[in-house]
Amino acid sequence: MSRACRAFPTVLALFGAFSFLALSAPAAAKEAVKMPIPAQAVAALVKFSPPKGWSPRDYSNAAGADPVASFENGEDRIVARAFGAPGSDYKTPADFLAGPAALTMGMAPTVAGKVVVAGQTLTLYKRGFPINLGDPHVASPPKPMMGVEKFCVLPLAKGRFVAFSYARSSPIPDLEKTGEKAWESFLNSIKPAGGKKKKKT
Amino acid sequence: MRRHLLAALLVLPGSAGAQVARVTLETPLTPVTGAPNAILPATVSMPALPSAFTLNAPLSASALVTPVPVSAAAAVTPLATKTFKPAAFSAMAGIKRFVPTSAAPAIRPDATRTVIESLRLHGAESSQVAAFKGEAGSVAAERNFLSAAGLDEGGGTTGGEPLAQNDDGARRADLRDRLLKRVTLADNGKPEEREALIRVLEHMLVSPTAQSFAESFIADNLSAVIGFQDMPGSLLYDQDGIKRFSGTRGLTGWNREKGLAEVYLNRNYLQADASLFNEDLPAILAHELLGHGRWYGRMGPLNLAEGYATHEIHEQQARGLGWIVDYELDRKFADGGAWQYLQDPGNYLSTIRMQIPVYATMLSSAEMGDPLKAYQSRLALAAESVSRAERNLTNHRSWYSVIDYFIAKRGVKAERFATLRAEMAQMDEVYKQRIEVAQSVTATLQNAIKFLQSADGAQYEAYLKQVAAHPYMDLMIQESDQLGAALQQIVKDFPPIVAESAANASPDAPKSDPSAHISWAEFMKMYEQDRVDDRKRPRFLRHWTD
């Protein structure tokens with residue numbers, strides 16, 4: 001797993017890649033020596049408008065095979081995670097949906113509806129995840145507090161796919177639905193980065 | 001109280017801990033979540049220990065991960081300073097400078113496999129796991145598939161029964177005896193503690209991965225002492241009829257004078273519910289002894305112990321091992337952190353880094369090359385964490401006035417909000433704790449930066465650079481990566497047995513009394529409808545402002 005999270009100012013510079021604008025060449029050239037920058041790797045698959053004012057971050061899993069671009073605002077987090085490349089933790093959407101990243105501490109996610117993303121009608125899932133666990137050396141509470149995540153999986157060409165998610169790290173919803181609104185706008189902005197759309201199977 | 005404890009932890013290690021010649025890993029900084037119903041006196045009599053472990057059989061017959069072997073390696077140049085100021089680094093609390101040593105760890109010839117040999121062996125064992133799965137795990141595999149296929153119906157999987165295991169009691173007994181030649185039991189002269197230590201050791205060794213790592217421990221001629229210890233601040237309490245305890249479960253240090261790892265387990269395990277001893281402790285022992293103790297044993301003699309404790313992967317490696325052992329034993333995680341890791345491994349460390357002060361000062365290999373820059377960068381994030389937690393608390397509290405409004409103006413009975421108010425009160429505490437923790441992270445980083453800018457700090461930076469370049473660090477990272485990948489795979493291949501706590505914690509879990517208590521979803525609808533209705537009222541009668 002790649003653990004490297006680049007210095008914050010650099011990340012801020014890099015996330016220009018998501019705003020449909022040309023990436024700042026000097027910053028990119030300096031970082032992208034061997035491994036593709038995770039944010040760029042995601043942007044190579046899908047284009048979207050990042051939530052305005054949210055804090056961006058990028059990193060990767062599976063030794064760089066699974067790039068991640070995330071945006072945070074308070075308790076809310078919107079994430080785009082790309083899978084399906086050689087070495088990926090999840091080879092197919094079904095693999096992902098059955099895997100630990102889609103489970104509620106072992107339980108399968110529930111269906112929360114449908115959503116149209118990049119012209120495709122996708123199933124929207126909902127799952128819970130433990131929050132506020134604190135120090136790992138201390139026993140987890142028997143009934144941990146749970147946050148809620150909604151997510152969908154967008155299949156792309158050549159076996160690639162991207163899981164988009166909106167997570168709220170609190171059992172208590174946002175009164176003004178700030179995160180929900182940002183999530184809806186985010187989903188509406190998603191487009192495949194070139195290439196033809198894959199038909200829904 | 002918590003603040004005072006926190007302050008004491010940040011201040012005391014520099015003076016009190018200066019007498020202690022070991023590196024400690026634990027930090028009891030985390031607030032206890034979930035209010036205990038009753039704090040039991042520390043003199044609760046010890047229940048009879050189970051005569052035999054009753055846990056489910058492990059998942060597979062072979063280890064998921066082969067421990068990374070090490071070859072003889074050079075020691076790192078020791079630091080010249082003798083009065084290190086560890087208060088700047090709570091992770092390194094109570095450390096004296098290391099005694100210079102040039103002794104490389106003695107390694108048996110058969111333990112000097114190369115990395116590629118290790119990987120080959122790992123690959124071979126993976127195929128054994130696959131074969132086992134095909135023969136004995138078809139039900140679980142089918143359930144796994146059906147679970148994936150049935151997602152559109154929202155069906156939940158509750159996992160399958162634990163898979164059968166080729167149980168080789170004699171081999172494990174032999175391994176136990178060989179391990180006990182390297183591990184001293186600190187029983188404090190109490191036969192019951194000695195018996196308990198042996199039992200937990202035996203139970204840990206039911207896990208094939210624990211067996212593999214124990215063999216590695218023995219092959220490297222490492223030594224350790226394990227025992228139960230009273231952990232400061234740890235309290236027994238009763239929750240839902242189960243006797244639990246708060247505080248640190250276990251910790252490991254490196255005793256440089258004796259050249260061995262010291263592993264201490266919370267003595268409250270002996271007084272708490274037997275299920276904690278049976279289901280929790282074997283994995284904790286694996287984490288501490290075979291995770292930390294093993295790498296301390298390898299690195300300590302090379303003057304790498306402090307660097308080990310500063311490296312951000314050292315905890316992840318031990319945790320990954322503990323999680324796998326835990327899962328192999330009963331297909332459940334006692335530690336919710338495993339799920340936190342599995343949902344997004346790359347986000348795990350950065351998440352806990354801002355939640356626990358000691359993690360704020362841990363560094364990656366790259367960051368060890370310029371720790372000052374890393375800490376300064378994190379300081380900005382920590383400051384943002386403080387303001388964010390304060391904003392979150394303010395936003396959170398805005399709900400109180402909305403609830404009050406519905407009670408006072410819309411005639412909803414106050415009792416119907418009891419569940420929501422309870423959750424809100426709990427979350428209120430969480431936010432307040434987060435503010436405290438974020439402030440502590442900030443203070444910890446400020447102290448660390450101050451230290452690094454001192455003369456001792458410059459020497460320490462030079463030390464960290466040597467540590468980061470040492471081949472053992474890469475081996476530890478490699479092993480941690482293997483453990484992380486194996487953890488993902490085992491959960492995919494063998495669906496977990498869902499704990500009742502998880503079922504209760506599901507976002508769609510039914511409320512205990514849905515007719516009486518308003519849920520968040522209902523409340524959101526009430527709120528939104530009221531706002532719509534409000535707009536229809538004359539402006540001077542409106543409650544909400546748009």
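**Exercise 1. Describe how β5(A) and β6(A) are joined, and which residue in the turn has a positive phi.**

Solution. In this predicted model, β5(A) and β6(A) form a hairpin with 2 residues between them, and A118(A) in the turn has a positive phi of about 50°. Helices (H or I, at least four residues) and strands (E, at least two) are DSSP runs, numbered from the N terminus. The next step is the pairing: β5 (residues 110-117) and β6 (residues 120-131) of chain A run in the antiparallel sense over 7 bridges, where two strands pair if DSSP finds at least two bridges between them. Within this pair, V115(A) stands opposite L122(A) in β6(A).

Residues are numbered from 1 along each chain as its sequence is written, and chains are lettered from A and ligands numbered from 1 in the order in which they are written. Because the model is predicted, local features need pLDDT of at least 70 and side-chain atom pairs count only at pLDDT 80 or more, whereas totals for chains, interfaces and linings use all residues, and side-chain values use heavy atoms, with hydrogens and water left out.

**Exercise 2. Work out how α6(B) and α10(B) are oriented, and which residues meet.**

Solution. The axes of α6 (residues 208-219) and α10 (residues 313-330) of chain B come within 8 Å and cross at roughly 135°; axes are lines fitted to C-alpha atoms, for helices over the stretch in contact, and angles run from 0 to 180 degrees between N-to-C directions. That angle makes α6(B) oblique to α10(B), since angles under 35 degrees count as roughly parallel, over 145 as roughly antiparallel, 65 to 115 as roughly perpendicular and the rest as oblique. Turning to the residues, P208(B), T209(B), A210(B) and F213(B) in α6(B) meet Q317(B), L321(B), I324(B), V325(B) and E328(B) in α10(B), contact meaning heavy atoms within 4.5 Å.

**Exercise 3. Decide whether N221(B) and N303(B) are buried, partly exposed or exposed, and state where each one lies.**

Solution. Begin with phi, for which most residues other than glycine have a negative value. N221(B), with a positive phi near 55°, lies in the loop between α6 and β4 (224-229) of chain B. Its relative accessible area of 34% makes N221(B) partly exposed, because buried means under 20% relative accessible area, exposed over 50%, and partly exposed in between (1.4 Å probe, protein chains only). N303(B), with a positive phi near 65°, lies in the loop between α8 (281-299) and α9 (305-310) of chain B, and its relative accessible area of 1% makes N303(B) buried.
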